[in-house]
Amino acid sequence: MAAPVLSVDGLRVAINGKAVVDDVSLSVDAGKIVSLVGESGCGKSMTAFAVMGLLPPAASVAGGSVLLNGRDLSRLGRGALMGLRGSEMSMIFQEPVASLNPLMPVGRQIAESLLVHRRLGRKQAWHQAIAMLEDVGIPEPAMRARQYPFELSGGMCQRVMIAMALITRPRLLIADEPTTALDVTIQAQILELMKRLRSETGTAILLITHDMGVVADIADRVAVMYGGRIVEDGGVEAIFQEQKHPYTRLLLSTIPRLDGSDVGQLLPTIRGMVPDAGSWPPGCRFSTRCPLADEDCRQVPLLEAAGQDRSAACWHQDRIGRLA
Ligand SMILES: Nc1ncnc2c1ncn2[C@@H]1O[C@H](COP(=O)(O)OP(=O)(O)OP(=O)(O)O)[C@@H](O)[C@H]1O
Ligand SMILES: [Mg+2]
């Protein structure tokens, strides 16, 4: 079997001495979509930034390794890493507008990646940029390409950024909540585009999302994060069918049923709040919110095999079926 495109092993990210990402391991194969899910603040974006080498100044990698096509990114100099970004690996950011250049027409910003990384001529790059704008659902792309970010709506800026990330057909795409700001029609179009990129180009996609409907629609695997750690990991069908961690179970019970049988009912929520990074309880970090917690949970549960091709970090895997 071919080596994964992305392989993260034992990654730690610290902010002010606190591990906001703690011993995270995951991999994404070529042509696959792995979804990283979990409540706000669990460390999804920090994991993504660490992979891209784009952590904010307060944060730093405190351990572990990140391999892109077998190459250890921590051993690359800044120049080499910059060369890979936008070419071999791209990221769609959670906050798009801040990552566009306000002083450059959007079409040029998209074409720029091709000029830098793919050595195309200006004219060819410009035509490809316009075609890409059309692909992400921007009407009148040739006219829009000449406009500046301030002339476009937030949703359009989001699509411009998606176009920038996809234009070089990277080997790895990290998409951090790529479609939350978009209306459902455009969202469906962007998801289709990602599916196409995966199958036609073999791009490996790490998709960060809150939306379990999106996960069910396009992911091949799911990694569930809580408190900076992966608590469950497995194939999407297996995880939707049977959860091996109470957190995953509760996370899935908070989404509306596809058949609409719960319309008009209050959806359950997970009791309690996510503690601040660094204020985790000892042992299992989910224990303060978990209905199954007992004295066993004072020990840290390791991420262990929980059936074929899946793993979970819970002392009470056998009791999860009892949860409502
Ligand atoms: N610049 C920063 N300075 C200090 N702490 C930060 C900073 N950015 C994030 N954090 C902390 O790091 C932890 C992980 O944050 P991260 O942004 O990775 O969460 P997330 O899972 O992406 O959440 P969301 O779903 O809201 O995007 C959080 O506890 C957050 O408070
Ligand atoms: Mg985030």
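This report describes the surroundings of ligand 1, the magnesium site and the aromatic pairs in a predicted model.

**Ligand 1**

The shell around ligand 1 consists of Ile15, Val20, Ser40, Gly41, Cys42, Gly43, Lys44, Ser45, Met46, Gln94, His210 and Ala277. Sorted by class, these comprise five nonpolar, six polar and one charged residues. Helix H1 (residues 44-52) supplies the largest share of the shell, namely three residues. Oxygen atoms of ligand 1 lie at the following distances from polar protein atoms.

| Residue | Polar protein atom | Distance to an oxygen atom of ligand 1 |
|---|---|---|
| Glycine 41 | backbone | 2.8 Å |
| Cysteine 42 | backbone | 3.3 Å |
| Histidine 210 | side chain | 3.4 Å |

On its own, ligand 1 has 640 Å² of accessible area, of which the protein covers 66%.

**Magnesium site**

The magnesium ion (ligand 2) has two protein donor atoms, OG of Ser45 and OE1 of Gln94, at 2.0 to 2.4 Å from the ion. These donors join distant parts of the chain, being 49 residues apart: serine 45 belongs to helix H1, whereas glutamine 94 sits in the loop between strand S6 (89-92) and helix H3 (106-117). Serine 45 has a relative accessible area of 18% and is therefore buried, as this class takes in values under 20%. Glutamine 94, with 38% relative accessibility, counts as partly exposed. Both Ser45 and Gln94 also belong to the shell around ligand 1.

**Aromatic pairs**

Six aromatic pairs are present in the structure. A cluster is formed by Tyr226, Tyr247, Trp280 and Phe286, which are linked through ring pairs.

Terms used
Residues numbered from 1 in each chain as written. Chains lettered and ligands numbered in written order. Predicted model: local features only at pLDDT ≥ 70, side-chain atom pairs only at ≥ 80, totals over all residues. Heavy atoms only, no water. Near = heavy atom within 4 Å. Polar contact = N/O pair within 3.5 Å; in protein donor to acceptor, adjacent residues only side chain to side chain. Areas by Shrake-Rupley, 256 points an atom, 1.4 Å probe, with all protein chains shown as cover. Helix = DSSP H or I, 4+ residues; strand = E, 2+ residues; numbered from the N terminus. Nonpolar A, V, L, I, M, F, W, Y, C, P; charged D, E, K, R; others polar. Phe/Tyr/Trp six-rings, centres within 6.5 Å; stacked < 30°, edge-to-face > 60°. Donors = N, O, S within 2.8 Å, 3.2 Å for Na, K, Ca; no water. Buried < 20%, exposed > 50% of the residue type's maximum accessible area, 1.4 Å probe, protein only.
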